[in-house]
Amino acid sequence: MSGETSGQAVEIWTDGACKGNPGRGGWGALLRHGRHEKELFGGEEQTTNNRMELTGVIEALKALKRPCRVIVHTDSQYVQKGMGEWLPNWKRRGWRTADKKPVRNADLWQQLDALVAQHQVEWRWVKGHAGDPGNERADALANQGVRTLDRA
């Protein structure tokens, strides 16, 4: 999916799902640029909901073919607060929390941080399961990601 930084933004809706936490998980992403849409999903056997939320955003950003202006819609306060509040402090402290513990999911946060640096990203939190069509589709894709594990 492409989208020039000066033109129309690529809109991305992402979601994660986990059956048990930890347990079998899935992630989903809907990317939209003008009339073009792309759907992505996948699953992992042993994971957490937070890891799947992060993976959804990571995989969506990896699908972009060049630097873009991006609007990421997420129902995950973990992702929203991580990117908007916590990340600069984690980096300054060498990937440690305020109480000096290692940041959970640092591997994924570091991947996401590197991907975000390639784009102009705006973060929008949406209430989950509240009728936002993009969020509902991302949720369905995340659950489809979990179901792919049944066929593996």
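These legends walk through several views of a predicted model.

**View 1. The whole chain, with 4 helices and 5 strands.**
Start at the N terminus and follow the elements along: they run β-β-β-α-β-α-α-β-α. The radius of gyration comes out at 15 Å, close to the 15 Å that the globule rule gives for 152 residues, so the protein is as compact as a globular protein of that length. The C-alpha trace spans about 45 × 40 × 30 Å along its principal axes. Buried residues account for 47% of the 152 residues. Take the contacts between residues at least 6 apart in sequence, and 67% of them join residues at least 24 apart. As for the outside, the protein exposes about 7900 Å², with carbon and sulfur atoms supplying 47% of it.

**View 2. Inside the largest nonpolar core, a group of 31 residues.**
Which residues have the most contacts inside this core? They are Leu31, Leu61, Trp109, Leu112 and Trp123. Two or more core residues come from each of strand 1, strand 2 (23-33), helix 1, strand 4 (69-74), helix 2 (77-92) and helix 3. Zoom in on Leu112: setting aside neighbours within four places in sequence, Leu112 is in contact with Leu54, Val57, Ile58, Leu61, Met83 and Trp123. Two of those partners, Leu61 and Trp123, are also on the list of residues with the most contacts inside the core.

**View 3. Arg51 and Asp107, a salt bridge between two helices.**
Side chains of opposite charge can pair when their charged atoms come close. Here the closest N and O atoms of Arg51 and Asp107 are 2.9 Å apart. Arg51 sits in helix 1 (residues 49-62) and Asp107 in helix 3 (residues 106-116), so this pair ties together parts that are 56 residues apart in sequence. Arg51 is partly exposed at 22% relative accessibility, and Asp107 is partly exposed too, at 38%.

**View 4. More salt bridges, out of a count of 9.**
Glu59 pairs with Lys62, with 3.5 Å between the closest N and O atoms. Both belong to helix 1, and being 3 residues apart they are separated by about one helical turn. Glu59 is partly exposed, with a relative accessible area of 25%, and Lys62 is partly exposed at 47%. Elsewhere, Arg124 forms a salt bridge with Glu122, and their closest N and O atoms are 2.7 Å apart. Arg124 has a relative accessible area of 35% and counts as partly exposed; Glu122, at 35%, is partly exposed as well. There's also a network of salt bridges that links Arg24, Glu45 and Asp150.

**View 5. Asp15, a buried charge without a salt bridge.**
Find Asp15 in strand 1 (residues 10-19). How far away is the nearest side chain of opposite charge? That side chain is Lys19, and it is 9.5 Å away, whereas a salt bridge calls for a distance within 4 Å. Leaving out neighbours within four places in sequence, Asp15 is in contact with Gly26, Trp27, Gly28, Met52, Glu53, Asp75, Ala138, Asp139 and Ala142.

**View 6. Thr148, a partly exposed residue in helix 4.**
Helix 4 covers residues 133-151, and Thr148 is found there. Its relative accessibility is 22%. Not counting residues up to four places away in sequence, Thr148 touches Phe41 and Gly43. For a sense of scale, look across to Lys91: Thr148 and Lys91 are 35 Å apart in space, C-alpha to C-alpha, and 57 residues apart in sequence.

Definitions and conventions
Residues numbered from 1 in each chain as written. Predicted model: local features only at pLDDT ≥ 70, side-chain atom pairs only at ≥ 80, totals over all residues. Heavy atoms only, no water. Buried < 20%, exposed > 50% of the residue type's maximum accessible area, 1.4 Å probe, protein only. Lys, Arg positive; Asp, Glu negative; His and termini not counted. Contact = heavy atoms within 4.5 Å. Core = buried A, V, L, I, M, F, W, Y, C linked by side-chain atoms within 4.5 Å. Rg over C-alpha atoms; globule rule 2.2 N^0.38 Å. Areas by Shrake-Rupley, 256 points an atom, 1.4 Å probe, with all protein chains shown as cover.
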